[in-house]
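Dear colleague,

Please find below the structure that I am handing over to you. A summary of what was found in it follows directly after.

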Amino acid sequence: MDEMRYQLDLLTAINQRLGDQEKQYRLVCESSVNAYLYFSFETNEFKCMGNWNSFFDFEIRQIKDISLFYDIVEEKDTHVLRNNLFLEKRGIKQETIECHIPEKNAWYQFCTKIIYDDNKEPLDKIISISDVSKYKKQTEELMKMAYFDMSTGLYNRNYFVMILGEFLRKAEEENVTVSVLFIDIDDFKRINDGMGIVVGEGLLQSFAFFLKEFEEEKVIVSHFTSDLFCIAIYDPCGARSVEHICQAIKEKVLQGIISPDGQKLLVTACIGVAEYPEASNNALGLINCAEIVMFKAKASGKNVIKYFDTPIVNEFMKNVEIENKLKNAVFEKEFIMYFQPQFSVETGKLRGAEALIRWYDEEEKFISPGVFIPIAERNGMIVPIGQWVIEESIRNFAEWKKQFDCHIILSINISAIQYKQPEFVNDLIKTMQKYDIPAEELELEVTESILIEDFEEVVRKLNILRDHGIKISLDDFGTGYSSLSYLKEMPIDTLKVDKSFVDTIITDSSTKIITGAIIQMVKKLGYETIAEGVEEQGQYEYLKSIGCDIIQGYFFGKPMPSEKIAQLLREQL
Ligand code: C2E
Ligand code: CA
Ligand code: CA
């Protein structure tokens, strides 16, 4: 009897304790800010607990109710959520995921946990749901701070690349296009240098403020660096079409941009446009293509909009490759000087030779100077290359003189950038003296482009060279600005009529008349005339008939190695 009583007391005590514990758990559970969903594998029963009602306006009572969850999350998240809710199917004990709840503009975290018995059979499942919107927003804000550009308030490059990546992922799913506009303000450096960085900064801020107007869910505007801006447009159409935005930018800049201090600045901008999927299928590739196209737009002037096309990018890539090769080119090994003979029309004798550089890269592949010289001019490599050309061609010329005691003329092509070097004139004269070459036998070929930037300074230098006795020849005449009024002011001795005139001199009657008139006039001004690119007998005969002095071209001799010129000289002895 005592024994039974004892057992009963014990059971009552245990029950009381269990009841107390359950009460405590319920209290904890009910006062929790989280919602809980309990599931028993034994009874297949669900129980919604905790702060359930503030999270959901439905209850889960049986397995089919689970689908109610899928209705409140974004469609793309349903798969992940299902995996999480049925964790046991993947043999995982615990997992946490986060889902966006569009209707509430909130983020819910689902943490599912399975409890197993000793035989590894699942017993209970508890899904705890918490609202992590605040934390999510904070991290988002922090991310944004890291992704903002302080000077303009626009997104910076990193953020832009990230969002563009998201645009592209979505565009693939939805089968739409994404456009990237790469914008560069024309002459920004000149404004910055000329009017001061305060004005420059102000201009950038106002321009950024203007571009920001285009921003919306599907349009993101970013400031990369300095005067470079980028816009990405998801599924461009209507008010967010590329044409519309480009046109608006054009109009805006033409009206003038008012800087924060009230100054009205008239600027223009060049825009390069590249589109997914045509140009590239990744964010960096797309930006890169738009940038390349923008460079191309810049090269063709101000206020230009250019659209991606494959040849532009291929050409650019090829140029980059050449530029890299050029940096590693070993002058003595890869470059060689060729010389193209020039003949006097009157005597038929060798008048001189034009030095033309030849480049066979490390794989012995020929790269035309027409391709690499412009690249070298842009990146400054033309200075060391030009120095090498001067030294090497004068050295060859000196050898001919030693061998044949001849008095012909050596023509060397000189780029505008070379003239800008302060030591250019001195270095040239030193090289001339080193090889004991008379100045009268040296001719420098220049193009009109050297006059564009600093006419007076260039004319001053040309005059110094001429005072030494060096001849100056105006190359490619007829292709550039070619105003005859220039000619009178330019200190030149020789004028080279461009190949494009010679090409059609027989076939096109107006070219015939123009060339005739030019040569007559130039002769009156006292210059010598050279026709270049003469390929046919007929061209030569016509040029002779209109009084051209010197002829150069494949018809009389292609550019050739030094020894071949030596042979010509030997034949003339
Ligand atoms: P350029 O100064 O106008 O040189 C004449 C170009 O026409 C040369 O091309 C020459 O080979 C080519 N040519 C001459 N006669 C004929 C002809 O009858 N028919 C045809 N189809 N072509 C002819 P190249 O050597 O390819 O040079 C291209 C350009 O590269 C030159 O044009 C010049 O601007 C530049 N360049 C070449 N060598 C040098 C150099 O040493 N220094 C600098 N700064 N530029 C150079
Ligand atoms: Ca030339
Ligand atoms: Ca030429």
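Are E354 and D475 buried or exposed? In this predicted model, E354 is buried, and D475 is buried as well. The cut-off applied here is a relative accessible area under 20%.

Both residues belong to a metal site. The calcium ion (ligand 2) is coordinated by E354 through OE, N413 through OD1, E445 through OE and D475 through OD, at 2.1 to 2.3 Å. Along the sequence, the donor residues of this calcium ion (ligand 2) follow the spacing E-x58-N-x31-E-x29-D. D475 also serves as a bridge between the calcium ion (ligand 2) and the calcium ion (ligand 3), and these two ions lie 3.9 Å apart. E354 is located in strand β14 (residues 350–360) and D475 in strand β18 (residues 471–477), so the pair ties together parts of the chain that are 121 residues apart in sequence.

Next, the sheet. Five strands form an open sheet in the order β7-β8-β6-β11-β12, and their pairing is mixed. The edges are taken by β7 (219–223) and β12 (305–307); each has a single partner strand, so one side of each is left without a neighbour in the sheet. On average, neighbouring strands of this sheet are turned by 15 degrees against each other, direction ignored. Strand β11 (residues 269–276) and β12 run parallel and are joined by three bridges. Within this pairing, I271 has I305 in β12 as its bridge partner.

With regard to the surface, Y6, L10 and I14 make a nonpolar patch of about 300 Å². I14 is found in helix α1, which spans residues 2–31. How is I14 classed in terms of accessibility? Its relative accessibility is 43%, so I14 counts as partly exposed, given that this class lies between the limits of 20% and 50%.

Finally, a residue in a loop. D498 is positioned between β19 (494–497) and α20 (499–503). Because its relative accessible area is 10%, D498 counts as buried. How far apart are the C-alpha atoms of D498 and R5? They are separated by 124 Å, and the two residues are 493 residues apart along the chain.

To recapitulate the metal site, D475 is both a donor to the calcium ion (ligand 2) and the bridge to the calcium ion (ligand 3).

Yours sincerely

Conventions: Residues are numbered from 1 along each chain as its sequence is written. Chains are lettered from A and ligands numbered from 1 in the order in which they are written. This is a predicted model: local features need pLDDT of at least 70, side-chain atom pairs count only at pLDDT 80 or more; totals for chains, interfaces and linings use all residues. Side-chain values use heavy atoms; hydrogens and water are left out. Donors are N, O and S atoms within 2.8 Å of the metal (3.2 Å for Na, K and Ca); water is not among the atoms, so sites may look incomplete. Helices (H or I, at least four residues) and strands (E, at least two) are DSSP runs, numbered from the N terminus. Buried means under 20% relative accessible area, exposed over 50%, partly exposed in between (1.4 Å probe, protein chains only). Patches are made of residues with over 30% relative accessible area and no salt bridge: like charges are joined within 9 Å, nonpolar side chains (Val, Leu, Ile, Met, Phe, Trp, Tyr) within 5 Å. Accessible areas come from the Shrake-Rupley method with a 1.4 Å probe; for residues, only the protein chains shown count as cover. A salt bridge is a side-chain nitrogen of Lys or Arg within 4 Å of a carboxyl oxygen of Asp or Glu. Two strands pair if DSSP finds at least two bridges between them. Axes are lines fitted to C-alpha atoms, for helices over the stretch in contact, and angles run from 0 to 180 degrees between N-to-C directions.
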